[in-house]
Amino acid sequence: MDEQLTNLLFPDGIPDDLINDPNIKNYMDHLGMCTAEELSKEHGSLRDKNTIILKMIKDLALNNYKTFVKTSQCYELIYNKFDDTQQKTIVLDSYLLKLKTECQEMLQQWADVKEKRHRNTLAMVWNSRIMHHALELPQLMLSCIQNKLYEDALKLADHAKYLPNNIPAVKLLHDEVNKYRLTLMSSLCQELRTDLELPQCMRIIRLLRTLNQINEEQLAVKFLQTRNSWFNSKLENIPNESNSQHLLKTIEVSRSCFSNIATQYNLIFCSEDYTSEIRSAKLQFYYSWANQKVCQFINILKNDLPYCRPSSLETIFTQCMYFGQSLGHIGADFRGLIAPVFVNITVKRFSDLLKMTEITWQTDLQTFLKTNIKNVRMNQTHDEVDDIPSPVFEYYPLAKFCNGVMSALNDLGEYAPYAAADEITKCLHTTLHNASCSLFSMYYQENFKAYDEGDKKIFGRLCICFSTDVVPYVQRCLHKVYEPASIAAFIGVTTTSLQKENLTYIDSEIINEPIKELLDEFENITLIDNKSTDETL
């Protein structure tokens with residue numbers, strides 16, 4: 001039935017585009033099941049359906065016009081892209097052919113590389129033991145440095161120079177060796193900071209020159225710096241319990257260390273033939289260092305000397321002069337710098353003692369007439385001076401003043417430098433003049449008029465005693481310390497010239513100038529009192 005219906009509807013056979021359409025088969029099955037009446041109506045039904053479908057298509061086209069246009073554009077774009085893709089695919093095919101050729105060439109090259117690698121592997125295996133020993137050079141060099149086998153370490157460093165530098169591992173080896181070369185130089189410089197004799201110093205300098213890390217001028221500076229560190233360490237280790245002992249020990253250590261370093265430097269760096277510029281630079285380095293050490297010693301001398309015992313000054317001065325003289329053969333005689341230090345310290349100590357005496361004098365003078373001890377005698381406190389005028393002990397301010405001056409002069413002891421004679425004389429002259437001014441100031445104070453006549457007479461006798469007894473007594477004490485004959489013979493003049501220049505001579509007129517009127521007044525009062533006493537008797 002189906003076949004007959006198919007032949008009836010499609011006498012020429014079903015078209016190829018409809019053979020596989022499932023809707024044809026379903027529709028053929030539907031027609032086969034229809035009655036004659038239904039078949040007569042089928043044509044009208046199909047026409048109505050066709051009309052409805054056409055209307056739906058028209059509505060669809062109208063409602064989705066833009067979509068269809070966009071779809072058409074997209075289709076055209078896709079078509080063009082597919083066309084471009086096809087062209088690129090053709091180009092890719094040509095590149096793939098080229099890639100294939102190059103891959104074949106790469107395979108050939110890889111085979112060559114593989115062959116070379118094989119040969120290199122054989123060479124590495126062959127030389128592995130040699131390379132293993134070479135790579136141990138830095139560690140071996142470090143061990144030699146730590147064990148102070150400096151010559152062996154230097155030989156290893158020189159051996160590393162002959163190794164090729166184009167191999168990465170060997171290049172790293174060179175870097176390590178260069179680093180340990182700096183370590184070797186640092187260790188050698190550290191050796192120079194210890195107590196070394198000349199042969200040891202020459203050995204270390206020879207190694208530093210062979211190491212060739214610094215030039216000759218830098219090596220000279222490095223030598224002075226390291227030896228100076230050793231010098232300073234010796235000075236720092238000196239006990240500082242006593243200033244005198246510290247200074248004497250400093251002189252001893254400085255003389256020994258200074259001479260050693262100077263001798264070592266001159267024999268190592270200045271005895272060989274160099275160009276004039278290098279030799280001049282080395283001498284400049286040496287004299288700069290020597291000047292620094294002399295200044296350092298002078299500063300130590302200035303710091304310690306004020307606190308040394310007076311009895312030790314002569315010994316210290318003798319040692320200092322010997323120290324300066326001993327450096328003369330190496331061009332560092334500094335004796336001319338020592339005397340001013342001793343003179344200045346001596347004068348300053350003497351001046352400080354006199355200032356304390358002045359303060360005590362002014363204090364005692366203010367309380368002299370206000371207390372009940374003005375008639376008390378003072379006992380002599382300096383047994384070695386037996387010519388203190390007895391009237392001085394009637395007035396305790398004068399007695400204490402004389403004791404203070406004598407203490408300052410006794411502080412000079414046997415060490416009384418002639419160079420300080422003028423300054424010592426000026427200090428004494430200033431102190432006596434200030435004491436005279438203090439008497440003048442006290443007399444003209446407002447509360448002085450309130451004292452009774454007896455107290456004023458006592459003060460007058462004190463002023464007369466100061467002028468007639470104290471000032472000459474201080475002059476005699478000064479001449480016991482600085483004998484005019486010795487001073488005149490030393491500088492080659494007469495004692496008369498010394499007196500004209502006021503050298504070791506005190507000008508009593510200038511000292512008594514502030515109280516000249518007081519002396520005249522009190523002397524007249526004394527004469528009147530003495531005459532009244534005689535008449536009474």
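**Figure 1. L92 sits in a nonpolar surface patch on helix α5.** In this predicted model, L92 counts as partly exposed, at 46% relative accessibility. The residue belongs to helix α5, which spans residues 65–135. L92 joins V91, Y95, L96 and L99 in a nonpolar patch on the surface. Together the five side chains V91, L92, Y95, L96 and L99 account for about 480 Å² of accessible area.

**Figure 2. E115 and R119 pair within helix α5.** The side chains of E115 and R119 form a salt bridge, at 3.8 Å from N to O. Both residues lie in helix α5, 4 residues apart, so about one helical turn separates them. E115 is partly exposed, with a relative accessible area of 42%. R119 is also partly exposed, at 44%.

**Figure 3. K148 and E191 bridge a loop and a helix.** The N to O distance in this salt bridge is 3.4 Å. K148 comes from the loop between α6 (137–146) and α7 (150–160). E191 belongs to helix α8 (residues 168–191). The pair therefore ties together parts that are 43 residues apart in sequence. E191 counts as buried, at 18% relative accessibility, because the cut-off for buried is under 20%.

**Figure 4. K348 and D352 meet along helix α14.** Their side chains form a salt bridge at 3.2 Å, N to O. Both residues lie in helix α14 (residues 335–368). They are 4 residues apart, about one turn of the helix. D352 is partly exposed, with a relative accessible area of 31%.

**Figure 5. E151, R203 and R206 form a salt-bridge network.** Salt bridges link these three residues in a network. Across the model, the count comes to 13 salt bridges. Side chains of opposite charge can pair when their charged atoms come close.

**Figure 6. L305 packs in the largest nonpolar core.** This core holds 68 residues. F223, F258, L301, L305 and I316 touch the most other members. Helix α11 (residues 243–269) supplies the largest share of the core, 10 residues. Beyond its neighbours within four places in sequence, L305 contacts L247, L313, I316, V341, F342, I345 and R349. A second, separate core has 57 residues, including W361, V392, A435 and I458. In soluble globular proteins, nonpolar side chains tend to be buried together.

**Figure 7. C308 is buried but has no disulfide partner.** The relative accessible area of C308 is 4%. The closest cysteine sulfur, in C320, is 9.4 Å from the sulfur of C308. That is too far for a bond, because a disulfide needs sulfur atoms within 2.5 Å. C144 is buried too, with a relative accessible area of 9%. The chain's disulfide count is 0.

**Figure 8. The whole chain gives the setting for the close-ups.** The chain has 21 helices and 0 strands. Of its 537 residues, 36% count as buried. The accessible surface comes to about 33,800 Å², and carbon and sulfur atoms hold 55% of that area. Among contacts between residues at least 6 apart in sequence, 72% join residues at least 24 apart.

Technical notes: Residues numbered from 1 in each chain as written. Predicted model: local features only at pLDDT ≥ 70, side-chain atom pairs only at ≥ 80, totals over all residues. Heavy atoms only, no water. Core = buried A, V, L, I, M, F, W, Y, C linked by side-chain atoms within 4.5 Å. Buried < 20%, exposed > 50% of the residue type's maximum accessible area, 1.4 Å probe, protein only. Helix = DSSP H or I, 4+ residues; strand = E, 2+ residues; numbered from the N terminus. Contact = heavy atoms within 4.5 Å. Areas by Shrake-Rupley, 256 points an atom, 1.4 Å probe, with all protein chains shown as cover. Patch = residues over 30% accessible without salt bridge, like charges linked within 9 Å, V, L, I, M, F, W, Y side chains within 5 Å. Salt bridge = Lys/Arg side-chain N within 4 Å of Asp/Glu carboxyl O.
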